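Dear colleague,

I am handing over the structure below, together with a short account of what was found in it. Please look through it at your own pace before reading the notes that follow.

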Amino acid sequence: AWNLSVKDFVWKERFDQLPIDTKSAIFIVSKISQYYPFKDFFAFIGDDDFISILLKLIYPEMKINVFDVDEDLLKSIEKVAKKLNMEIEIEKVNVREKFRSLNNFYGCITNPPYNIKGSIAFLEFSKKLLSKNGGICFLILGDEAIGKR
């Protein structure tokens with residue numbers, strides 16, 4: 001499974017976390033690379049798949065921020081990034097709570113809980129991050145019952 005050998009991280013059901021395989025991780029990064037022409041200012045709203053690390057390995061010049069409610073996840077990303085000598089900004093945030101608008105990201109990706117309320121909350125949060133000049137948001141949704149993402 002794709003987890004960058006993060007041995008001390010435990011995926012938590014209460015945060016709707018579920019690890020993905022390497023093929024899925026590469027597919028997500030390929031889609032970002034295909035549709036996102038910039039190599040800067042990209043945000044992850046939740047990153048229990050550790051895609052931020054893979055994207056940063058491919059585009060070391062990219063400015064990446066990860067926003068998540070799970071402190072353990074943020075610490076794991078920080079630990080791996082430090083080990084690989086890369087800079088990824090992290091911030092503990094609950095997307096359902098009030099948050100300042102940043103308006104400096106041209107792109108973001110979010111993988112919310114697979115329900116309408118979760119999707120809306122994560123997209124509303126994403127809207128606060130995107131540049132006033134526009135941007136692109138990658139929304140990952142699926143029906144795990146039939147094995148599709």
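**Two helices and two cysteines**

In this predicted model, helix α1 and helix α2 cross each other in a right-handed manner. Helix α1 covers residues 22-35 and helix α2 covers residues 51-58, and their axes, which come within 10 Å, cross at roughly 55°. An angle of this kind makes α1 oblique to α2.

If you would like to find the place where the helices touch, the α1 side of the contact is made by A25, I26, I28, V29 and I32, while the α2 side is made by I51, L54, L55 and I58. Sorted by residue type, the contact of α1 with α2 holds nine nonpolar residues, with no polar and no charged residues.

The other point concerns the cysteines, for which the whole structure was searched and zero disulfides were found. C108 takes part in no disulfide, although the sulfur of C137, the nearest cysteine sulfur, is 3.3 Å away. Why are the sulfurs of C137 and C108 not counted as bonded? A disulfide calls for a pair of cysteine sulfur atoms within 2.5 Å, and the sulfur of C137, at 3.3 Å from that of C108, is therefore too far for a bond.

The two residues also fall into separate accessibility classes, which you may wish to keep in mind when viewing them: C108 counts as buried because its relative accessibility is 0%, whereas C137, with a relative accessibility of 27%, counts as partly exposed.

With kind regards

Definitions and conventions. Residues numbered from 1 in each chain as written. Predicted model: local features only at pLDDT ≥ 70, side-chain atom pairs only at ≥ 80, totals over all residues. Heavy atoms only, no water. Axes fitted to C-alpha atoms, helices over the stretch in contact; angles between N-to-C directions. Helix = DSSP H or I, 4+ residues; strand = E, 2+ residues; numbered from the N terminus. Parallel < 35°, antiparallel > 145°, perpendicular 65-115°, else oblique. Left-handed = near helix turned anticlockwise from the far one by under 90°. Contact = heavy atoms within 4.5 Å. Nonpolar A, V, L, I, M, F, W, Y, C, P; charged D, E, K, R; others polar. Buried < 20%, exposed > 50% of the residue type's maximum accessible area, 1.4 Å probe, protein only.
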